[in-house]
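Thanks for sharing this one. Please have the sequence and the model open as you read.

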Amino acid sequence: MTSDDQRILILDTTLRDGEQTQGVSFSPDEKVNIAKALLELLRVDRIEVASARVSEGELAAVAQIIDWARPKGLDGRVEVLGFVDGGRSVDWIRRAGGQVINLLAKGSEKHCRTQLGKTPEQHAEDVRADITIARERGLAVNLYLEDWSNGYADNPAYVYALIEALAESGVGHFMLPDTLGVMTPERVFAALSDMIRRFPDCRFDFHPHNDYGLATANVFAAAQAGAAAVHCTVNCLGERAGNASLAEVVVNLRDQLSLEIGIDESHLGRVSELVQYFSGKRIGDNAPIVGDDVFTQTAGIHADGDNKGSLYHTKLSPERFGRRRVYALGKLAGKASLAKNLERIGITLSEENQRKVLKRIVELGDSKKTITAEDLPFIIAEVLESKDYSHAELIACNVSSSYGLESTASIKLCLRGEHLTATGSGNGGFDAFNKALARVVKTQGLSLPALVDYEVRIPKGGRTDALTECTISWADDRGTFKTRGVHANQVFAAIGATMRMLNLVIHWSLKRQRDLADAKAAAESAA
Ligand SMILES: CC(C)C(=O)C(=O)O
């Protein structure tokens, strides 16, 4: 027995069911990149990558995935949904080099009679014929029983008879979809336990849908009942309300059921981002595990409890997923939230000054301002009137954005007392500004962090004369951090965020120099 026979497997169907999300269509290259991330980074056991006979582009995508997977011995993990169509799906999958067909049979008598217009016996015969063709052409066959949840509820005898008829053809792997997402965990557990008891030689997968928001809970119940594999998608993509979220499934199987699964959870966030990017579907900030805010404690009382004994920590530590815990700054922040943020950016303040800064944070929060941890030094500087964070000031700039021509920028900066000018050209006004800025800072021996994300928001209501808020994420050897800028003009909002970044970078570099000098002096006096 291999370890894959003993442990529950995960089938990710982002590239098949996920592509049935309204408005989502992956290009062949995007599919290949997602397939690589799923199999290599996350180490998902099986992936379903397409529906057969969809298009030539889809054929090319499957072929490219298989070409990449074969030398690595991963091609047996790449599966394709096929139809009962007299072998045409089988041919299509063989042309792409695929090895596994997930053949779509009808799991409810209603679908069989109403959609196909066949008797159960005729349908079983047709499926058997396609199984034979697939086998002759060297494909491994798994069988989906579409609409199984309703079929089992309405007439379980139909389901049993179909499985018996198909098992006679030597198929032992059935995939049971809750096609319309109507099941509850109790019903999944009871139905799947019954199927497993009745057909002890068969393996059963459970395929959920999230119409009632129960997809993850249903997967949980399927795992408890002894499913051989459970299906899910990255970011809960899928037909209608989607499938079960891969990230949620992983943590529940691992933490709540103590099941052994092979997924490398440290990459869940990265792969979620990749899929957001390629699908164009952003996830909510509060999506469990992968949402932006899910490791952020907002209430001051939570920060206080964590300070006194990690009272608000659970097994879901952000570090498991390559993230870190954040304490939000806003009108609900308390002394402990401020202390946690000060500790993170390495600033010490007297009690009195902490009180003043907190008062200002609450005022800003009250006026609906978003405050990031990286805004904190500027708030401190403003409240305490310190010059600690004003190393660089933009004196003047002229930015031109052009269509069909390169955009240009001329800038004049005061950098630690020195007036400097530079010009730059680039792909858009902000890019041109950055090129000019990079030139100036280079003359001062500084380098700028990489820009990794850029978000622009206007207040709801769609006014074109409204202020724009630009939040930029940067990355350097300290990790990632965000800065914000606000201006009526989007480019100047971005420039505002960039100037904040520059001031922080200079501050950190000066602090590093001071720390090194102090350490050297301490070492010399000890010697
Ligand atoms: C196409 C089938 C397998 C499906 O996704 C479902 O029934 O939910």
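Here are some numbered points on the domains, the contact between two of them, and the salt bridges.

1. A reminder before the details: this is a predicted model. The points below are best read with that in mind.

2. The domain assignment splits the chain into three parts: domain 1 covers 3-279, domain 2 covers 296-384 and domain 3 covers 392-515. From the UniProt record, an unreviewed entry, comes the feature "domain: Pyruvate carboxyltransferase" at residues 8-269. Within residues 8-269, helix accounts for 45% of the chain and strand for 17%. The C-alpha atoms at the two ends of that stretch are 22 Å apart.

3. Now to domain 2 and domain 3, whose C-alpha centres are separated by 25 Å. Eight residues of domain 2 and 10 residues of domain 3 make up the contact.

4. How much area do domain 2 and domain 3 bury between them? The figure is about 900 Å², with 54% of it on carbon and sulfur atoms. On the side of domain 2 that touches domain 3, two residues are nonpolar, three are polar and three are charged. Even with those charged residues on the domain 2 side, the count of salt bridges between domain 2 and domain 3 is zero. Residue pairs in polar contact, both at pLDDT 80 or more, also come to zero between these domains.

5. The model's salt bridges number 30. One to look at is R16 with E48, where the closest N and O atoms lie 2.9 Å apart. This pair links distant parts of the chain, 32 residues apart: R16 sits in the loop between β1 (9-12) and α2 (28-41), while E48 belongs to strand β2 (residues 46-51).

Conventions
Residues are numbered from 1 along each chain as its sequence is written. This is a predicted model: local features need pLDDT of at least 70, side-chain atom pairs count only at pLDDT 80 or more; totals for chains, interfaces and linings use all residues. Side-chain values use heavy atoms; hydrogens and water are left out. UniProt positions are given in the numbering used here, feature names are shortened, and annotations may be inferred rather than shown by experiment. Helices (H or I, at least four residues) and strands (E, at least two) are DSSP runs, numbered from the N terminus. Domain bounds come from an automatic or database domain assignment. Contact means heavy atoms within 4.5 Å. Buried area is the accessible area (1.4 Å probe) that two parts lose on being put together, summed over both. A salt bridge is a side-chain nitrogen of Lys or Arg within 4 Å of a carboxyl oxygen of Asp or Glu. A polar contact is a pair of N or O atoms within 3.5 Å; within protein, one must be able to donate a hydrogen and the other to accept it, and residues adjacent in sequence count only if both atoms are side-chain atoms. Ala, Val, Leu, Ile, Met, Phe, Trp, Tyr, Cys and Pro count as nonpolar, Asp, Glu, Lys and Arg as charged, and the others, Gly among them, as polar.
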